[in-house]
Each structure stands twice: as structure tokens, then as C-alpha cells.
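Me: I should like to look closely at a single part of this model. Please begin with the overall layout and then turn to that part.

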Amino acid sequence: MLDSLSASLTVASSGLEAQSTRMRIVSENLANATSTGRTAGADPYQRKTITFDAALDRASGAQLAKVKEVGVDTTPYRVEYDPGHPAADKSGYVKLPNVNMMIEMADMREVNRSYEANLQVVKQVRSMLGMTIDLLRS
């Protein structure tokens, strides 16, 4: 039984770590939502994406959540006419990042819920372990 509880802690902690990384990516995207290129016609910040993979933990036999890859979104940049902007090209158009604030906010909400769910698993397992230890003491 303790092995199962230990495996549950391992799985939940891998979920916490994966979601923490995902939150960092979402935060970077939000922080750079208006970051343009430094020179005229230069490419702006490109939205980052994250993919997960299941990895087998040989010690517990459990499937853990792991970050497989942090990549970039290949959707086209937004273009806006602003001839006075330092990053404007010869035609007066500025390339803006391909970051959609609504998508990032939705991702942040999902990250928060997933993180909370994993944290709740950790709390429940700790409680169960405490009850088991108390039972063994008496």
C-alpha cells in the first residue's frame, strides 16, 4: 500500500513540475505579447508552445508527466500599419507577435486547474500516509 501511495506522490509531483514549466511558457508569451523586432522589418517575439509526454518511472512503475518539447508556434505574425514605429518596414507595416491573449489566458486557467488538482493529490496522499502511521503506532 505504501508503494502505491509513494507512486501517487511521484506522479503528482511530476504533474506539478510539468505544469510549472507550462506556466513559465504562458507567462513568457503574455509578457512578450507586444514585443516587436529591434530593427525595421525584423521578426518579433514568436509564441512558444509546450508538449508533454508520458515517461515510465522504473522505480514505481508509474507513468509520469514530462515536458517533451518547448517549441514555437508557426502561425503567421500579425501585421499592423504604423509608419512611425521603429520596427516598421519600408511600407510602414510592423510585425507583431503571434500571441493571442485570449488563448494565453485560457491556457493559464487550465494550468492553474491542473496544478491545483495535482497539489490536491499530494495533500490527500500525505493525509493518508499520516493516518496510516497513526494506525501503525496504536
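How many helices and strands are there in the protein? Where is asparagine 98 found, and is this residue buried or exposed?

Reply: This is a predicted model, in which local features need pLDDT of at least 70 and side-chain atom pairs count only at pLDDT 80 or more, while totals for chains, interfaces and linings use all residues. Residues are numbered from 1 along each chain as its sequence is written, and side-chain values use heavy atoms, with hydrogens and water left out.

The protein has 2 helices and 4 strands (DSSP runs numbered from the N terminus: H or I of at least four residues for helices, E of at least two for strands). Along the sequence, their pattern is α-β-β-β-β-α. The C-alpha trace spans about 80 × 25 × 20 Å along its principal axes. Of the 138 residues, 28% are buried (under 20% relative accessible area, against over 50% for exposed and in between for partly exposed, with a 1.4 Å probe and protein chains only).

Asparagine 98 lies in the loop between S4 and H2. With a relative accessible area of 8%, asparagine 98 is buried. A polar atom of its side chain lies 3.0 Å from the backbone oxygen of aspartate 73. For the backbone oxygen of threonine 75, the distance to a polar atom of the asparagine 98 side chain is 3.0 Å. Beyond its neighbours within four places in sequence, asparagine 98 is in contact (heavy atoms within 4.5 Å) with Tyr45, Gln46, Arg47, Asp73, Thr75, Pro76 and Tyr77.

On one side of this loop is S4, residues 93-96. In a regular strand the side chains alternate between the two faces of the sheet. In S4, Val94 and Leu96 point to one face and are buried, whereas Tyr93 and Lys95 point to the other and are not. S4 pairs with S3, residues 78-81, in the antiparallel sense over 4 bridges (pairing requires at least two DSSP bridges). Within this pairing, glutamate 80 has valine 94 of S4 as its bridge partner.

On the other side is H2, residues 101-137, whose 37 residues reach 54 Å from the first C-alpha to the last. Asparagine 100 caps the N-terminal end of H2, with a side-chain oxygen 2.9 Å from the backbone nitrogen of methionine 102. The buried residues of H2 include Glu104, Asp107, Val111 and Asn118. Val122, Val125 and Thr132 in H2 are buried as well.

Terms used:
Expected span 1.5 Å × (residues − 1). Polar contact = N/O pair within 3.5 Å; in protein donor to acceptor, adjacent residues only side chain to side chain.
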